[in-house]
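The following exchange examines how structural labels are assigned. Each answer sets a computed value against the criterion behind the label.

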Amino acid sequence: MRSPHKLLRVFVLLFSVAALAAVATSMASAHGKGKGNGKKGALYVSPSGKAYASDRNCKSAAFTSVQAAVDASPSGGTVVVCKGTYTEDVVISSPLTLTGQHGAVIHGAATTSKTCQQLGPGGLGSASCLAAITIKSSHVTVQGFKVTGAIGEGILATGSVPGGSISKVTIKSNTVTGNDTGGIPPNTTSPYPQCVEQGQIPGDCGEGIHLMGVAKSVVSHNFVSGNSGGVLLTDEFGPTHGNLISHNTITGNAFDCGITAPGHNPHALDSSGNPQPSVAGVYNNTIAHNTITNNGNKGEGAGVLFANAQAGTASYNNLVEFNKISGNELAGVTMHAHTLGAGEFEDLSGNQIVHNVIGTNNTGGDPLDGSASDNSTTGILVFSASVPVTVKIAHNIIRHDVYGVWLGVGGHVTAALSHNVFQHVTTPVFTSP
């Protein structure tokens with residue numbers, strides 16, 4: 001699913017000796033040499049900001065552009081964005097805390113000359129960053145914003161080739177809505193390479209929030225709605241592992257899944273099918289305490305999806321626990337292993353689905369790949385037609401579905417089932433021959 005974005009600024013003024021000192025401080029800050037004058041050395045952004053103001057709070061902000069403040073901030077600094085709407089795409093390339101005060105809105109717009117690596121139908125390339133906020137560095141926090149209107153993701157955190165994965169990113173307490181417009185509705189001519197629709201696949205545009213080659217990071221307490229899809233974890237530019245996706249509300253993302261964790265990188269496994277966790281793979285991520293509802297209903301989307309795109313890809317050893325999942329177009333938790341040829345491998349094993357409350361899902365039916373289909377409401381679906389898949393499904397409450405757990409086909413799925421509670425479920429466990 002998707003990818004990237006940004007801007008800059010200028011000067012003038014003199015007066016008394018005291019004023020000169022203030023100007024010198026502001027000039028240092030504006031050129032990335034100062035530490036800021038506000039709380040904890042923060043730089044301030046406001047629609048009413050004035051160049052070389054004292055920059056101690058929102059009333060004396062020295063910046064009107066978020067990107068200009070980000071570019072001026074020292075490594076490890078803080079940028080505070082005051083109430084207002086900022087029509088720009090923002091790219092963060094060094095450690096930073098970007099904090100939005102109440103009423104701070106970043107409305108994505110293709111304003112940046114900065115470029116991001118992208119992986120579209122034509123392979124690896126570089127294009128303008130088109131997410132509202134793009135994070136290209138480890139040790140970055142983005143919090144407190146309404147993020148809307150971007151052609152690409154609302155918020156994208158991305159590694160790179162040859163840099164590999166980034167880590168210690170925190171994305172919290174944001175409202176991310178109405179982004180990924182390059183993929184709404186899915187089409188074959190999107191301006192965003194990763195959004196280009198291919199067959200049934202709506203395009204991996206990145207959706208509301210996208211971790212692409214990101215490790216040991218946190219996405220928490222966000223409201224994600226009205227994007228093509230919700231939260232996406234992929235491994236194009238390095239492994240995506242050890243992340244915590246928790247306490248988010250992910251609802252009404254009409255064309256794709258609530259949370260998607262697919263293996264995209266064909267180098268996650270070696271030629272013998274062994275994992276290469278330092279190279280690629282989506283693994284050891286925890287998806288917990290989220291509310292995931294009504295996603296994919298104009299397209300194709302599960303509540304939570306694990307899948308692999310091709311031979312050599314891997315999405316394994318992830319944990320889905322204590323979530324509330326209902327009303328999604330595919331099964332509440334869906335696992336798709338695609339059919340491979342002789343001598344090809346993928347890894348979709350070791351995932352655990354435990355302690356969730358799962359209501360009516362698979363409202364649109366799942367065509368799978370032609371060897372089977374599931375056209376009835378379903379809580380959890382695990383499908384493989386050619387490769388062995390193991391999964392743990394335990395201590396879940398599954399309600400108001402025809403199938404509680406759908407497993408298949410041909411004996412390729414081995415499920416450890418225990419202590420699940422089925423309420424108003426016609427067939428608690430169905431195994432496709």
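Q: What makes a stretch of residues a helix or a strand here, and how many of each does the chain have?
A: Helices are DSSP runs of at least four residues in state H or I, and strands are DSSP runs of at least two residues in state E. By that criterion the chain of this predicted model has 2 helices and 41 strands.

Q: What share of the 433 residues is called buried, and on what criterion?
A: A residue is buried when its relative accessible area is under 20%. Residues that meet this condition make up 55% of the 433 in the chain. The area exposed by the chain is about 16100 Å², of which carbon and sulfur atoms supply 56%.

Q: Why is Glu88 called buried or exposed?
A: The relative accessible area of Glu88 is 2%; the limit for a buried residue is under 20%, and Glu88 is therefore buried. This residue is found in the loop between strand E3 (84-87) and strand E4 (90-92).

Q: What makes the approach of the Glu88 side chain to the backbone nitrogen of Gln67 a polar contact?
A: The side chain of Glu88 reaches that nitrogen of Gln67 at 3.1 Å. The cut-off for a pair of N or O atoms is 3.5 Å, so the distance lies within the limit.

Q: How do you know that Lys114 and Asp71 form a salt bridge?
A: Their side chains meet with an N to O distance of 3.7 Å. The criterion asks for a side-chain nitrogen of Lys or Arg within 4 Å of a carboxyl oxygen of Asp or Glu, so the pair qualifies. Lys114 lies in the loop between strand E6 (104-107) and strand E7 (115-120), and Asp71 lies in helix H2 (residues 66-72), so the salt bridge ties together parts that are 43 residues apart in sequence. The count by this rule comes to 1 salt bridge.

Q: Why are Lys114 and Asp71 placed in their accessibility class?
A: Partly exposed covers the range between the buried limit of 20% and the exposed limit of 50%. Lys114 has 27% relative accessibility and therefore counts as partly exposed. Asp71, at 32%, also counts as partly exposed.

Q: How do you know that Cys58 and Cys82 form a disulfide, and what is its handedness?
A: Their sulfur atoms are 2.1 Å apart, and the limit is 2.5 Å. The torsion about the S-S bond is about -95°, so this disulfide is left-handed. Cys58 lies in the loop between strand E1 (43-45) and H2, and Cys82 in the loop between strand E2 (77-81) and E3, so the pair ties together parts that are 24 residues apart in sequence. At 21% relative accessibility Cys58 is partly exposed, whereas Cys82, at 3%, is buried.

Q: What makes Cys116 and Cys129 a disulfide, and what is its handedness?
A: The S to S distance between Cys116 and Cys129 is 2.0 Å, and the cut-off is 2.5 Å. The torsion about this S-S bond is about 95°, so the disulfide is right-handed. Cys116 lies in strand E7 and Cys129 in the loop between strand E8 (123-128) and strand E9 (133-135), so the bond ties together parts that are 13 residues apart in sequence. Cys116 is buried at 2% relative accessible area, and Cys129 is buried at 0%. The count of disulfides comes to 2.

Q: How do you know that strand E27 (residues 291-293) and strand E31 (residues 324-326) pair?
A: Pairing requires at least two bridges. E27 and E31 have 3 bridges, in the parallel sense; in E31, Ser326 is the bridge partner of Thr293.

Q: Why are E3 and strand E40 (421-423) called edges of their sheet?
A: The sheet is open, with 11 strands in parallel pairing and the order E3-E6-E11-E15-E19-E23-E27-E31-E34-E37-E40. E3 and E40 each have a single partner strand, so one side of each is left without a neighbour in the sheet.

Methods: Residues are numbered from 1 along each chain as its sequence is written. This is a predicted model: local features need pLDDT of at least 70, side-chain atom pairs count only at pLDDT 80 or more; totals for chains, interfaces and linings use all residues. Side-chain values use heavy atoms; hydrogens and water are left out. Buried means under 20% relative accessible area, exposed over 50%, partly exposed in between (1.4 Å probe, protein chains only). Accessible areas come from the Shrake-Rupley method with a 1.4 Å probe; for residues, only the protein chains shown count as cover. A polar contact is a pair of N or O atoms within 3.5 Å; within protein, one must be able to donate a hydrogen and the other to accept it, and residues adjacent in sequence count only if both atoms are side-chain atoms.
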